[in-house]
Amino acid sequence: MDPLTALETSTRIAAGDVGILDIVDAALEAAHADECHAWTWIDDTGARNTARKLQRQLDAGQARPGPLFGVPGPVKALNALAGAPRAVGSRAVGGTPSDHDDGFVSRLKAGGAIPIGTTAAPEFGLPCYTEPDGRAATVTPWDHTRMAGGSSGGAAAAVGAGQVPIAQGSDGGGSIRIPASCCGVVGLKPSRGRVSAGPYGIDGPGLVCGGVLTRTVRDTAAALDVLSGPWPGDPFYAPTPTETFLSACGRDPGRLRIGILREPVIADVQVHPDILAALDRTAATLESMGHVVEQTSAPFGPREWDSFRCVWEWGRRRYRSCPNVRSSSHPCLVGCGPGGRRSGVELAEALAGIQMVARQVGQHWQRFDVIVSPTLAQPPLPVGALRDDEDPAADFDAQCRFTPWTSLWNITGRPAMSLPLHNTRIDGVELPIGIMIGGRLYDEATLLALGCALENTRDCERSCR
């Protein structure tokens with residue numbers, strides 16, 4: 001029997017079919033039995049106390065259970081959870097317990113979700129693999145010799161292994177969608193400004209967005225309803241949706257014009273043939289559903305993408321200035337060739353370059369409602385396949401070749417979601433393949449509606465085998 005989804009869990013709790021403490025106890029037991037190295041801290045006492053408190057409120061009629069009420073869901077180790085050690089993936093930081101919750105953690109708690117601990121992330125969330133110094137690499141539940149992806153690797157592994165139905169993550173260049181693909185789960189990067197970084201977060205150029213990893217599109221939509229909304233002083237502001245995101249999952253997305261992007265964007269790389277075959281099968285499914293499907297080309301190339309790389313490198317430099325971090329051996333912090341010494345003028349030009357790329361993408365794909373591509377160029381790779389401590393520049397280039405589509409959606413601020421639509425068999429092991437669907441700015445509703453339709457088609461095909 002498959003583990004309960006978040007919506008199934010909250011529905012059963014609201015109906016009195018199961019107690020919140022029973023749900024939390026089962027999740028804690030699964031977390032302690034974890035073999036994917038997904039967890040950095042498990043809060044047995046705090047989670048059980050919260051479960052008892054919510055159950056008392058429910059029994060007394062003082063709670064109005066929403067879609068995440070009583071649902072156990074961890075917080076990514078990069079983010080602040082009151083009482084949890086916060087080491088941001090680095091053994092150089094020390095892990096002092098946080099005295100506050102980040103804004104989206106507060107919103108998850110307000111929605112009744114129960115943070116039962118924190119999940120693993122790479123050092124400062126910089127690489128697309130979760131192999132931090134000082135602890136075992138986080139691996140996909142599908143094959144414990146292969147990577148879970150990053151930087152929300154622990155979150156994806158915990159959800160993919162069925163330990164929890166939902167886990168908080170964040171995405172600055174693919175950090176929700178990459179591990180979603182590696183672990184066979186759903187991962188949505190919302191539009192810029194949809195999920196606020198406030199009141200403690202710094203938005204900077206607006207590349208990073210908070211979100212969740214789940215096993216179903218409907219769970220993702222329910223979480224987005226809870227997380228959405230501004231904090232005072234936000235520099236980016238998404239318009240208020242005209243419907244709930246969960247309700248969007250129940251409607252027909254209509255006849256969409258869909259572009260199929262086979263061509264890698266940020267790197268010249270040979271894509272695994274099984275991934276291209278999965279993309280072709282998805283395109284055929286979309287066409288059979290009545291959508292207008294046609295091939296499209298990359299809206300820009302590696303040269304234009306260098307603006308993103310420059311901004312990313314400047315973000316890395318601020319961590320290098322922290323005490324104790326200068327001695328870190330992780331290649332993402334040691335340097336990245338000449339680019340690691342870019343000037344402030346180059347940074348200003350890169351920020352302008354990102355805006356120009358966003359305009360270029362808007363013009364290039366103006367006729368499309370949705371763009372469909374692979375999430376990654378390869379299935380989940382063996383642990384250590386990307387990391388290169390001896391050559392930081394080679395490490396970074398290897399990451400780019402693995403993720404040649406994801407960062408374009410961070411540059412443009414548009415929403416994109418990785419869906420676990422296909423599998424492949426490599427060396428006798430079945431592995432997941434994520435297909436990414438990206439949409440117009442602030443149009444998460446269309447992605448969720450289409451994602452649900454594709455999910456239903458996938459489930460129907462599997463049940464008929």
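Colleague: How many cavities of 30 Å³ or more does the count give?
Modeller: This is a predicted model, in which local features need pLDDT of at least 70 and side-chain atom pairs count only at pLDDT 80 or more, while totals for chains, interfaces and linings use all residues. Residues are numbered from 1 along each chain as its sequence is written, and side-chain values use heavy atoms, without hydrogens and water. With a cavity taken as a set of points, on a 1 Å grid over the protein atoms alone, where a 1.4 Å probe fits but cannot get out, the count of those with 30 Å³ or more is two.

Colleague: Which strand gives the most to the lining of the largest cavity?
Modeller: The largest cavity holds about 60 Å³ (the space filled by probe spheres set on grid points joined across faces, edges and corners). Its lining residues (an atom within 4 Å of a point) include L68, P74, L108, I166 and Q168. Among strands (DSSP E runs of at least two residues, numbered from the N terminus, as are helices, H or I runs of at least four), the leading contributor, with three residues at 166-171, is β8.

Colleague: Which element gives the most to the lining of the second largest cavity?
Modeller: This cavity, of about 40 Å³, is lined by residues including L188, P190, G211, T220 and L227. At least two lining residues come from each of β10 (209-214) and α7 (217-227), but the greatest contribution, four residues, is that of α7.

Colleague: How are α2 and α3 directed relative to each other?
Modeller: The α2 (20-32) and α3 (44-59) axes, lines fitted to C-alpha atoms over the stretch in contact, come within 8 Å and cross at roughly 165°, on a scale of 0 to 180 degrees between N-to-C directions. Contact (heavy atoms within 4.5 Å) brings α2 residues including L21, L28 and H32 to α3 residues including A47, A51 and L54. Because angles over 145 degrees count as roughly antiparallel, the two helices are roughly antiparallel.

Colleague: Which helix supplies the largest share of the lining of the second largest pocket?
Modeller: A pocket is an open set with protein on both sides within 12 Å along at least five of seven lines, and the second largest has a volume of about 590 Å³. Of the 25 residues lining this pocket, the closest to its centre are D2, R215, T216, R458 and R462. Elements that each supply at least two lining residues are α5 (153-160), β14 (416-426) and α15 (444-463), and the largest share, five residues, comes from α15.

Note on methods: Parallel < 35°, antiparallel > 145°, perpendicular 65-115°, else oblique.
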